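Reader: Please take a close look at one loop that follows a helix and carries a residue with an unusual backbone angle, and then work outward from there to the surroundings and the rest of the fold. I would like the reasoning spelled out wherever a label depends on a cut-off.

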Amino acid sequence: MKAAVFVEPGKLVVQDLPKPQLKEPTDAVLKIVRACVCGSDLWWYRGISKRQANSPVGHEAIGIVESVGSAVTAVKPGDFVIAPFTHGCGHCAACLAGFDGDCLTKTDDEIVGYQGEYLRFKQADWALVKIPGQPADYTDAQLNDLLTLADVMATGYHAATSAEVKAGDTVVVMGDGAVGLCGVIAAKLLGATRIIAMSRHTDRQALAKEFGATDIVAERGDAAIEKVRELTAGAGADAVLECVGTELSVDTAVKVGRPGAVVGRVGVPQKAEMNTNNLFWQNIGLRGGIASVTTDDRNVLLAAVLSGKIHPGKVFTQRFKLADIQAAYAAMDQRQAIKSLLIIND
């Protein structure tokens with residue numbers, strides 16, 4: 001099969017790899033329909049974080065079940081599914097509490113890449129999310145909406161629920177990448193009446209407003225904090241969604257909340273250290289982490305997409321074939337695309 005492979009920072013190639021096979025009774029093999037590039041992929045693409053050379057890449061996809069292991073009964077060959085980047089078992093303490101991104105059931109350490117023609121999906125019985133019908137039943141835009149439920153929309157929603165966004169809240173969203181923009185969608189879905197998007201890019205500002213942002217703040221650092229204070233009559237936001245992961249973003253997120261606010265943090269951290277004293281003196285809460293993709297898709301997000309209530313697929317602003325994987329990454333790296341879509345199989 002054809003699959004995208006990481007060679008070294010800044011370089012990806014498409015290689016012929018062996019087609020995945022079932023290894024465990026809990027596995028499924030999927031034929032991938034669409035996949036995409038994630039902002040977190042850029043960390044190793046840029047050489048900021050390390051990745052094993054010559055390893056397959058990608059962690060977001062929708063596809064068709066081709067085969068299943070003997071323990072898989074929830075899906076069958078021919079089913080159309082969302083393939084989350086999480087592989088929750090559904091029965092451990094973490095999954096039962098709704099945190100399947102932190103599933104305690106260990107799987108083998110094989111690196112599986114979603115940016116390819118086929119995928120071995122672990123813990124398939126519970127973690128896969130079945131989509132009604134077949135890909136042909138959906139428009140191009142709807143397929144893109146469904147693809148976001150493999151990660152980016154679920155991660156934006158996790159930021160909002162971690163921040164305890166509720167009806168009537170004023171919310172600040174840190175980050176204008178695809179996760180931040182999905183965080184805007186999530187804040188509106190949860191009933192926020194004022195959503196302040198932190199963005200310096202006109203195309204992303206426009207999409208944030210389309211998704212529900214009421215205000216745009218282009219400043220950074222102290223100037224951004226002052227602007228949010230000005231917009232909130234000195235009080236600060238009820239909830240803050242941190243969707244970047246840099247030290248500056250986290251620091252700003254903590255400082256733009258009102259006393260007692262909660263920061264929902266989903267940006268992959270770049271540094272291990274942070275000053276927690278700022279949390280203490282303002283009773284600011286800090287929550288978040290790996291998204292609960294399967295849980296939130298099943299409880300809220302799949303229904304919201306199928307009903308047309310939300311359209312997160314608009315974050316895909318450029319599309320590529322698998323053969324053009326290098327261009328897909330470069331487009332995001334150079335901010336020419338908010339998120340790159342990969343058409344794998346029609």
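Author: Arg-335 sits in the loop that leads from helix H12 (325-333) to strand S16 (339-343), and what follows describes a predicted model. The phi angle of Arg-335 is near 60 degrees, a positive value in a residue that is not glycine. Arg-335 has a relative accessibility of 42% and therefore counts as partly exposed, since that label covers the range between the limit of 20% for buried residues and the limit of 50% for exposed ones.

A second loop residue invites comparison. Gln-123, in the loop between strand S7 (118-121) and helix H3 (124-127), likewise has a positive phi although it is not glycine, with a value near 55 degrees. The surroundings of Gln-123 are described by another label, because its relative accessible area of 10% makes it buried.

The helix that precedes the loop of Arg-335 leads to a small group of strands. H12 lies across S1 and S2, and its direction makes an angle of about 155 degrees with S2. These two strands belong to an open sheet of 3 strands with antiparallel pairing, arranged in the order S2-S1-S4. Strand S2 (11-16) and strand S4 (55-56) are the edges of this sheet, and because each has a single partner strand, one side of each has no neighbour in the sheet. Strand S1 (residues 2-8) is joined to S2 by 6 bridges, and the two run antiparallel; within this pairing Val-5 stands opposite Val-13 in S2.

On the far side of the loop in sequence, a link to another helix can be followed through Ile-338, which is among the residues touched by Leu-181. Leu-181 belongs to helix H6 (residues 178-189) and is buried, because its relative accessible area is 2%, whereas the limit for that label is 20%. Apart from residues up to four places away in sequence, its contacts also include Gly-175, Asp-176, Arg-204, Leu-207, Ala-208, Phe-211 and Val-315. Val-165 is 16 residues from Leu-181 along the chain, and their C-alpha atoms are 15 Å apart.

A further sheet is open as well, with 6 strands in parallel pairing that follow the order S11-S10-S9-S12-S13-S14. Its edges are strand S11 (215-217) and strand S14 (285-287), each of which pairs on one side only, and neighbouring strands are turned against each other by 20 degrees on average when direction is ignored. At one end of this order, strand S10 (residues 194-198) runs parallel to S11 and is joined to S11 by 3 bridges, with Ala-197 having Ile-216 in S11 as its bridge partner.

Helix H9 (residues 247-255) lies across four strands of that sheet, namely strand S9 (170-174), S10, strand S12 (237-242) and strand S13 (257-265), and runs at about 145 degrees to S13. The buried residues of H9 are Ser-249, Val-250, Thr-252, Ala-253 and Val-254, and their cover includes S9, S10, S12 and S13 together with helix H8 (221-231) and helix H10 (277-281). Thr-252 shows this covering at the level of a single residue: with 2% relative accessibility it counts as buried, and beyond its neighbours within four places in sequence it is in contact with Met-174, Met-198, Gly-221, Ala-224 and Ile-225.

Empty space completes the picture. The whole structure has 1 cavity of 30 Å³ or more, and the largest cavity holds about 40 Å³. Its lining consists of Tyr-138, Gln-142, Asp-145, Leu-146, Val-305 and Leu-306; helix H4 (140-148) and helix H11 (293-306) are the elements that supply two or more of these residues, and H4 gives the most, with 3 residues. By class, this lining is made of 4 nonpolar, 1 polar and 1 charged residues. The second largest pocket, by contrast an open space, has a volume of about 460 Å³, and among the 23 residues that line it, Phe-85, His-87, Glu-110, Val-112 and Lys-122 are the closest to its centre. The lining of this pocket divides into 7 nonpolar, 9 polar and 7 charged residues.

How values were computed. Residues numbered from 1 in each chain as written. Predicted model: local features only at pLDDT ≥ 70, side-chain atom pairs only at ≥ 80, totals over all residues. Heavy atoms only, no water. Pairing = 2+ DSSP bridges. Axes fitted to C-alpha atoms, helices over the stretch in contact; angles between N-to-C directions. Contact = heavy atoms within 4.5 Å. Buried < 20%, exposed > 50% of the residue type's maximum accessible area, 1.4 Å probe, protein only. 1 Å grid on protein atoms, 1.4 Å probe; cavity = no way out; pocket = protein on both sides within 12 Å on 5 of 7 lines; lining within 4 Å. Points joined across faces, edges and corners; volume = space filled by probe spheres on them. Nonpolar A, V, L, I, M, F, W, Y, C, P; charged D, E, K, R; others polar.
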